[in-house]
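This report describes the fold, the strand pairing, the nonpolar core and the charged contacts of one protein chain. The model is predicted.

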Amino acid sequence: MAQDLFQYDKMVERALRGVVRDALKRAAKEGLRGGHHFYLGFVTQMPGVEIPDQLRAKYPDEMTIVLQHQFWDLEVGEEAVSVTLSFQQQLERLTVPFAAIRSFADPSVNFALEFAGPPAPPSAVGSLPAPTVLSTPEEPPQEKPAAEIVTLDKFRKR
């Protein structure tokens, strides 16, 4: 097989992260209308992630936040998103680079994305499963994709 000199997997990942950025920008500008709400999962130890120490201690590997009813000052830049959320009745500011995002979902319309990334430590509770690659029987297995569209089963309330 020829070497992928265009790095299509990285192009697809950038494009799908652009979907996340655009959805967040629209929410920052217009608010979340209808039943729209977002689940945003991210790696807490990635460079540029700014969260309070007590949250990093509680979620040392990965954390998922929900943007639905109570969030303030949503700011979306080209490289990161910042938002103020309430944790135990205390307002906290979080900044998450898009590179740290591992999952994004809007359950109201059954839409979700998962992004590949550096492997999470084995102790990571609730870490995302590695994406799978489908291949035909005559093709050898290929590298895992950088991102994929997934179902929302993991985000449904139990």
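Strand 1 and strand 6 pair in the antiparallel sense, over four bridges. Within this pairing, Gly-41 stands opposite Ser-103 in strand 6. Strand 1 (residues 38-43) also pairs with strand 2 (residues 62-67), again running antiparallel, and six bridges join the two. In that second pairing Phe-42 has Met-63 of strand 2 opposite.

Strand 1 is mostly covered, with six of its six residues buried. In a regular strand the side chains alternate between the two faces of the sheet. Here Phe-38, Leu-40 and Phe-42 point one way, Tyr-39, Gly-41 and Val-43 point the other way, and all are buried. Buried status requires under 20% relative accessible area, so both sets of residues in strand 1 fall below that cut-off.

Strand 6 (residues 101-106) is joined in turn to strand 7 by four bridges, and the two run antiparallel. The bridge partner of Phe-104 in strand 7 is Leu-113. Four residues lie between the strands of this hairpin, and Asn-110 takes a positive phi near 55° there. Strand 7 (residues 111-115) is mostly covered as well, four of its five residues being buried.

**Overall architecture**

The secondary structure comprises two helices and eight strands. Along the sequence they follow the pattern α-β-α-β-β-β-β-β-β-β. Of the 158 residues in the protein, 37% are buried. Among contacts between residues at least 6 apart in sequence, 55% join residues at least 24 apart. The protein exposes about 10,200 Å², of which carbon and sulfur atoms supply 54%.

**The nonpolar core**

In soluble globular proteins, nonpolar side chains tend to be buried together. In this model the largest nonpolar core has 28 residues, and those with the most contacts inside it are Val-20, Phe-42, Ile-65 and Leu-67. Helix 1 gives two or more residues to this core, as do strand 1, strand 2, strand 3, strand 4, strand 5, strand 6 and strand 7. Phe-42 is thus a residue of strand 1 that is buried, stands opposite Met-63 and belongs to those with the most contacts inside the core.

Which residues is Leu-67 in contact with, leaving aside its neighbours within four places in sequence? They are Leu-24, Leu-32, His-37, Phe-38, Leu-74, Val-83 and Leu-85. One of them, Phe-38, is a buried residue of strand 1.

**Salt bridges**

Side chains of opposite charge can pair when their charged atoms come close. The whole structure holds five salt bridges. Three of them are set out below.

| Pair | Closest N to O distance |
|---|---|
| Glu-78 and Lys-25 | 2.7 Å |
| Glu-30 and Arg-26 | 3.1 Å |
| Arg-93 and Glu-75 | 3.5 Å |

The side chains of Glu-78 and Lys-25 meet in a salt bridge. This pair links distant parts of the chain: Glu-78 is in the loop between strand 3 (71-76) and strand 4 (80-87), Lys-25 is in helix 1, and they are 53 residues apart. Lys-25 is partly exposed, with a relative accessible area of 31%.

The salt bridge of Glu-30 and Arg-26 is local to one helix. Because the two residues are four apart in helix 1, about one helical turn separates them. Glu-30 counts as partly exposed at 37% relative accessibility. Arg-26 and Glu-30 are also linked with Arg-33 in a network of salt bridges.

Arg-93 forms a salt bridge with Glu-75. Arg-93 lies in strand 5 (residues 90-97) and Glu-75 in strand 3, so the pair ties together parts that are 18 residues apart in sequence. Is each partner exposed or partly exposed? Arg-93 is partly exposed, with a relative accessible area of 33%, whereas Glu-75 counts as exposed at 51%.

**A nonpolar surface patch**

Some nonpolar side chains are found on the surface: Phe-6, Tyr-8 and Met-11 form a patch there, with about 340 Å² of accessible area together. Met-11 is placed in helix 1 (residues 8-30). Its relative accessible area is 34%, so Met-11 is partly exposed.

How values were computed
Residues are numbered from 1 along each chain as its sequence is written. This is a predicted model: local features need pLDDT of at least 70, side-chain atom pairs count only at pLDDT 80 or more; totals for chains, interfaces and linings use all residues. Side-chain values use heavy atoms; hydrogens and water are left out. Patches are made of residues with over 30% relative accessible area and no salt bridge: like charges are joined within 9 Å, nonpolar side chains (Val, Leu, Ile, Met, Phe, Trp, Tyr) within 5 Å. Accessible areas come from the Shrake-Rupley method with a 1.4 Å probe; for residues, only the protein chains shown count as cover. A salt bridge is a side-chain nitrogen of Lys or Arg within 4 Å of a carboxyl oxygen of Asp or Glu. Buried means under 20% relative accessible area, exposed over 50%, partly exposed in between (1.4 Å probe, protein chains only). Contact means heavy atoms within 4.5 Å. Two strands pair if DSSP finds at least two bridges between them. A nonpolar core is a set of buried Ala, Val, Leu, Ile, Met, Phe, Trp, Tyr and Cys residues joined through side-chain atoms within 4.5 Å.
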